[in-house]
Amino acid sequence: MLKLFTQDFWDVVARLILRNKITILAGIFVVTIFFSWQWENMRFTYTEANLLPDDHEVNLSYNDFLKTFGEEGNLIVLGVKDSALFSVEHFNAWNRLSDSFKTYAEVETVVSIKDLQKLIKDTENEKFILKPFIKDSITSLNELSKLESDLFKKYPFYDNFLFNAETKTIRTAIYLKKDIVNTAIRKNFIVETLVPKIEAFQAKHNFDVRISGMPYIRTLNSQIIVDEIGWFVAAALLVTSLIFFFFFRSFRATFISLIVVSVGVMWTLGIIGLLNYEITVLTALIPPLIIVIGIPNCIFLINKYQHEVTLHGNKVKSLQRVITKIGNATLMTNVTTASGFATFILTESKLLKEFGVVASLSILAIFILCLLIIPIIYTFLPFPKDRHLEHLNKRWIGGFVDWMEHMVKHERIAIYTTAIVLLIISMIGMNQIKISGSLIEDMPKNTEFFKDIRFFEEEFNGIMPLEIMIDTKRKKGVMKLSTLKRMNELEDVILETPELSKPISVVGLVKYSKQAYYNGNTKFYQLPSSQENNFILAYAKNSSSNVDLLKNFVDSTGQYARITTFMKDVGTDKMERIQENLQNKIDKVFPKERYEVTMTGKALVFQKGTKYLVKNLAISLSLAIFLISLFMAYMFRSGRMIIVSLIPNLLPLLITAGLMGYLGVPIKPSTILVFSIAFGISVDDTIHFLAKYRQELQAHNWKIKTSVYRALRETGISMFYTSIVLFFGFSVFTISSFGGTVALGALVSVTLLFAMLSNLLLLPSLLLSLERSIANKQVLKKPAINIIPEEEDEDLYE
């Protein structure tokens, strides 16, 4: 196994690559075509990100609810807050718009003001009948005024459902068919039918129509994710190519690098399609990520090639050395980076597993592409011109290298003091980090659909469904008066909670039935007494099937009931307090031996998913540290070296965590990736530095100070180059519309900048301070893997 990484192995690899150029390029072309065929299998997600394992109790409860009552996220709401709506012409136009959606196959039902009906007592036949508020259309202002008066004052059952009696906001509810909610049909209906009809209505009547509801939000949010992939890839290509050109001053080298990373992006998209994964807010980040990670590979390989040709002028020998002397180093650094991402595979979250699989495979793929394409292309190109090699002098960066050496030589106390102070400040900041489990927090704040979310939160107290399912453990148990009274007590708590909307359940229908039994008197909008209940239920049973009081609120057996409320976008802490208050009331009102009550809904599932991820963050990061520690131990055969190498890489993570606390950036599904990603990438610098340091020790008869300073000078420039590329590359994500993606890009960029300084200042300082206990022949003489071969030229990194 170890033989794979010997110099002989890389000599064989170099010969195979350089002697089979056409075959390898043809093979890459065929594989690229194959992956491009897989693009058609890519699916854009039509559901919210489920961060929990499939067998998690919260998911199981949610699935039980869906089995009983069907999909709960199928509601689209249209709203208007405009006094001009209350004219005969405009009011009728609004009702016609609502009615027009009933004809579409994707729509299950539409409920607008026109569809509301009075429940009227038919004494003669001892039953309830339904009578519409509006027979066909409004014909006069008097009729419209009477409708306003009736709805807003006499029928509390409808208040806060289709209208807000205080602000006179009107809305229409469109229920999509449940079997299309999580399919492309939903997207097509919303984008091609719903939105154009609304826009035409707005243009004609000059109304600001607000649209919301989970199907609508998910559709527009997903579309932005898809659109941003192209922007990310273009921006990453532009930024990294500009930086690359600034370093190399060569259009040829820049163009070659762009070809390599572009093929890498094509392979990444092909991997997603081949594995039949969905494009999510996380997997959408991988294509630009591959560009950002691939460019440093190109820098190392092309830099080495250009340096070799200046030494001896032999192009073939130069390319052979590029493969044999850089291949192992880039392999190890790419493996450690891939390991940082691969740790997500070991979590139980499907979303993170898919991200980890695609990212780790793509990183290994971009390494293979760099190693194959760059040397082969250069065999066909003419000898580099003098202007292509001018950057090798790098006098402009000399001041930075001199400053680093000065700090390590003379200011180690200052370096340690700064590190300790930063550590203490960061630990304080870490204690201020909050957890966010909001479904909409990361959504683009400047979009119309996000503003509409806030509108409906203000007018109707939210659109995020929170469901409470009550199992009475016996058939027809829901309609028992004792059950209804218990549900009413729970609804009182919901009504008292400002972050929750008015609950909808069978309780409201029973209250409405009593009001109808007493001829519409609003004083009787309350639960009936035991005696009244018998009369009212008799009326309900005699009613026609069209007066189905229990539809959507009670299952067909009468054993299960649901209470639906909608939640504002609140923080995780507040959501947990709300849940705790409701659970306390549930435990008090519903005896466990007689009832089983479950809180569920998309908002709750997402919040629980975030909490689950936070618990797994420590596991994921620990796995990344453990795996990379194994690499270090395997390469250097030194347990002490593991400790020294981890310190400068863990400190930047702690600093970033402290910054998150001070800046109010919460832990959430997007920012949770920062630590494993940054650790996996930053440790590459450590590997390069320690590999060169070990080689210098052997070359200079174990003179530790000399070896540290030479390693610092020779690796510092490449570490600076790659860190700058990574910094600006990850900064590309800050152009995103999604707050979480912006935070991810900014935090990884800052972490990698701190990691560069830590590896260039703190790591060599530690080696010098601990030289007697770490750097000795027994520890470092025979590593398991020669990352940099013994005969490596001293100026490899210059």
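Two residues are in contact here when heavy atoms of each lie within 4.5 Å. With that in hand, let us walk through this predicted model, starting with a pair of helices where such contacts are plentiful to read off.

In α9, the residues L289, I293, N297, F300, L301, K304, Y305, E308, V309 and H312 meet a set of partners in α10, namely K315, K317, S318, L319, R321, V322, K325, I326, T330, N334, T337 and F341. Sorted by character, the residues of this contact comprise 10 nonpolar, six polar and six charged. Helix α9 covers residues 286–312 and α10 covers residues 315–342; their axes come within 9 Å and cross at roughly 155 degrees. Angles over 145 degrees count as roughly antiparallel, so that is how α9 and α10 run relative to each other. The crossing of α9 past α10 is right-handed.

Now step back to the whole chain. The protein chain contains 26 helices and 12 strands. Of its 798 residues, 59% count as buried. Sequence distance matters for reading its contacts: among those between residues at least 6 apart in sequence, 81% join residues at least 24 apart.

Helix α4 is a good next stop. This helix spans residues 88–100, with 13 residues, and reaches 18 Å from its first C-alpha to its last, close to the 18 Å expected at 1.5 Å a residue. Which residues of α4 are buried? They are H90, F91, N92, A93, W94, N95, L97 and S98. Several elements meet these buried residues: the strands β2 (75–80), β3 (107–111) and β7 (169–176), together with the helices α5 (141–154) and α6 (184–205), pack against them.

Helix α6 brings us to F189, which lies in it. Is F189 buried or exposed? Buried means under 20% relative accessible area, and F189 counts as buried because its relative accessibility is 1%. Setting aside neighbours within four places in sequence, F189 is in contact with F101, Y104, E106, V107, L176 and L194. You can also find Y216 from here: F189 and Y216 are 27 residues apart in sequence, and their C-alpha atoms are 9.9 Å apart in space.

Another buried site to visit is S212, found in strand β8, which covers residues 210–212. At 0% relative accessibility, S212 falls under the 20% cut-off and so counts as buried. Which residues is S212 in contact with, leaving aside its neighbours within four places in sequence? The partners of S212 are L75, I76, V77, I217, I453, F456 and I463.

Finally, look at the backbone of two lysines in loops. K168 has phi near 60 degrees, a positive value in a residue other than glycine. K168 sits in the loop between β6 (163–164) and β7, and with a relative accessible area of 34%, K168 is partly exposed. K473 likewise is not a glycine, yet has a positive phi of about 65 degrees. Where is K473 placed? K473 is in the loop between β10 (464–471) and α16 (481–496). With a relative accessible area of 42%, K473 is partly exposed; partly exposed covers the range between the 20% limit for buried and the 50% limit for exposed.

Technical notes:
Residues are numbered from 1 along each chain as its sequence is written. This is a predicted model: local features need pLDDT of at least 70, side-chain atom pairs count only at pLDDT 80 or more; totals for chains, interfaces and linings use all residues. Side-chain values use heavy atoms; hydrogens and water are left out. Helices (H or I, at least four residues) and strands (E, at least two) are DSSP runs, numbered from the N terminus. The expected span of a helix is 1.5 Å times one less than its number of residues. Buried means under 20% relative accessible area, exposed over 50%, partly exposed in between (1.4 Å probe, protein chains only). Axes are lines fitted to C-alpha atoms, for helices over the stretch in contact, and angles run from 0 to 180 degrees between N-to-C directions. Angles under 35 degrees count as roughly parallel, over 145 as roughly antiparallel, 65 to 115 as roughly perpendicular and the rest as oblique. A crossing is left-handed if the near helix is turned anticlockwise from the far one by less than a right angle, and right-handed if clockwise. Ala, Val, Leu, Ile, Met, Phe, Trp, Tyr, Cys and Pro count as nonpolar, Asp, Glu, Lys and Arg as charged, and the others, Gly among them, as polar.
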